[in-house]
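Thank you all for coming. I would like to walk through one structure this morning, and I will go slowly, one group of residues at a time.

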Amino acid sequence: MDKTKRKAIIAGNWKMNKTPKEAKELLNAITPLVKDADCEVIACVPYVDLSVALEATEGTNVKIGAENCHWAESGAFTGEISTGMLKEMGVEYVVLGHSERRQYFGETDETVNKRTKAALAAGLKPIVCVGELLWERECDITEEVIARQIKLDLWSVTEEELKNVVIAYEPVWAIGTGKTATAEQAEEVCAFIRATVAKLYNQEAADALTIQYGGSMNDGNADELLSKTNVDGGLIGGASLVAEKFAAIVKAASK
Ligand code: PEP
């Protein structure tokens, strides 16, 4: 398998951090630091920051993503944001199925699938998050959990559409905890995801799929994680809020 055939992607997931003013400041600090990146660089930001983020990154190599979207085109869904709204703004990526949405906001594989299909239909590129709970890992059912999520989240996504999908493997026990999966654990599950996608689609489609690792990735451990064959990038929470740390991860992915 030739890793260089795949696009390395480093995406920041800002979560519920940074006001529009702070977002502008952070992006103004990030953009010059990552201008020579040899990988795709994305900042996924809160809805209210999207406008200012798109403005601050115009003409740079930093792309902007949202942190969720609804599956309906419009209608009585108070507080929700449609794919058309994001697309019209110029947003390119959208994080879907993040474990915090699954844990705190009732997100299920069914709704992740609906959002994924809607995002793809609108021309957005979904970053679909999957990952096991600590308890599931301890019960030795990581592969069952991941296979189920991949199958359900990608249900009825065509091979053509899959070209615009990014998968983020985020073990829930490693998110925001400072507890990173070892590079071997990350590689093992990312390879399993690729094998699952190969079974569902075919080897060529699986080999072309960008699979990120996420979970306390930082400037200190990025090199080792990203050196693994099946780890094509990172979805970065905490470290994406510090320009120098985020830029160091981008640098590691550019090697
Ligand atoms: C995330 O929110 O997707 C994430 C990986 O967070 P952190 O890097 O802070 O663990």
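Let me begin with Glu-132, which counts as buried because its relative accessibility is 0%, under the 20% cut-off for that class. This is a predicted model, so please hear everything that follows as a description of computed coordinates. The carboxylate of Glu-132 has a partner, in that its side chain meets the side chain of Arg-137 in a salt bridge, with 2.7 Å from N to O.

That pair is one of 17 salt bridges counted in the model, and I would like to spend some time on another group of them. Which residues are linked in a network of salt bridges? They are Lys-7, Glu-40, Lys-63, Glu-92 and Lys-125, and two of the pairs can be described in detail. In one of these pairs, the side chains of Glu-40 and Lys-63 meet at 3.4 Å, N to O, and this pair links distant parts of the chain, with Glu-40 in strand S2, residues 40–44, and Lys-63 in strand S3, residues 62–66, 23 residues apart. In the other, the side chain of Lys-63 meets that of Glu-92 at 3.8 Å, N to O, and here too distant parts of the chain are linked, since Glu-92 sits in the loop between H3 and S4, 29 residues from Lys-63.

Are these three residues buried or exposed, or in between? Glu-40 is buried, with a relative accessible area of 13%, whereas Lys-63 counts as partly exposed at 27% relative accessibility, and Glu-92 is likewise partly exposed, with a relative accessible area of 22%.

Let me turn now to the nonpolar interior. The largest nonpolar core has 71 residues, and the members that touch the most others are Ile-10, Leu-86, Ile-167, Ile-193 and Tyr-213. Which element gives this core its largest share? That is helix H9, residues 183–200, with eight residues. There is also a second, separate core of 11 residues, and among its members are Ile-42, Tyr-93, Cys-129 and Ala-168.

Next, helix H5, which runs over residues 109–122 and so has 14 residues; from its first C-alpha to its last it reaches 20 Å, close to the 20 Å expected at 1.5 Å a residue. Its buried residues include aliphatic ones such as Val-112, Ala-118, Ala-119 and Leu-120, but Asp-109, Asn-113 and Arg-115 are on the list of buried residues as well. What do the buried residues of H5 pack against? The list is helix H3 (83–89), strand S4 (93–96), helix H4 (99–104), strand S5 (125–130), helix H7 (142–153) and helix H8 (159–162). Just after H5, Gly-123 takes a positive phi of about 90°.

Positive phi also turns up at residues other than glycine, and I would ask you to look at two of them. Lys-18 has a positive phi of about 80°; this residue is found in the loop between strand S1 (9–13) and helix H1 (20–33), and at 30% relative accessibility it counts as partly exposed. Ser-156 has a positive phi of about 65°, is found in the loop between H7 and H8, and counts as partly exposed at 35% relative accessibility.

On to the aromatic rings, where a search of the whole structure finds two pairs. In one of them, the rings of Tyr-104 and Phe-105 have their centres 6.4 Å apart and their planes at 85°, so the arrangement is edge-to-face. Both Tyr-104 and Phe-105 are exposed, and Phe-105 has a further neighbour in Arg-101, which lies over the face of its ring, at 4.1 Å from the ring centre.

I will finish with Gly-215, whose place is in the loop between strand S7 (210–214) and helix H11 (222–226). Although it lies in a loop, Gly-215 counts as buried, at 3% relative accessibility. What is Gly-215 in contact with, once its neighbours within four places in sequence are left aside? The contacts are Glu-170, Ala-174, Ile-175, Lys-179, Thr-180 and Leu-235. The C-alpha atoms of Gly-215 and Ile-236 are separated by 7.1 Å, and these two residues are 21 residues apart along the chain.

How values were computed
Residues numbered from 1 in each chain as written. Predicted model: local features only at pLDDT ≥ 70, side-chain atom pairs only at ≥ 80, totals over all residues. Heavy atoms only, no water. Core = buried A, V, L, I, M, F, W, Y, C linked by side-chain atoms within 4.5 Å. Buried < 20%, exposed > 50% of the residue type's maximum accessible area, 1.4 Å probe, protein only. Helix = DSSP H or I, 4+ residues; strand = E, 2+ residues; numbered from the N terminus. Phe/Tyr/Trp six-rings, centres within 6.5 Å; stacked < 30°, edge-to-face > 60°. Lys NZ or Arg CZ within 6 Å of the ring centre and 35° of its normal. Expected span 1.5 Å × (residues − 1). Contact = heavy atoms within 4.5 Å. Salt bridge = Lys/Arg side-chain N within 4 Å of Asp/Glu carboxyl O.
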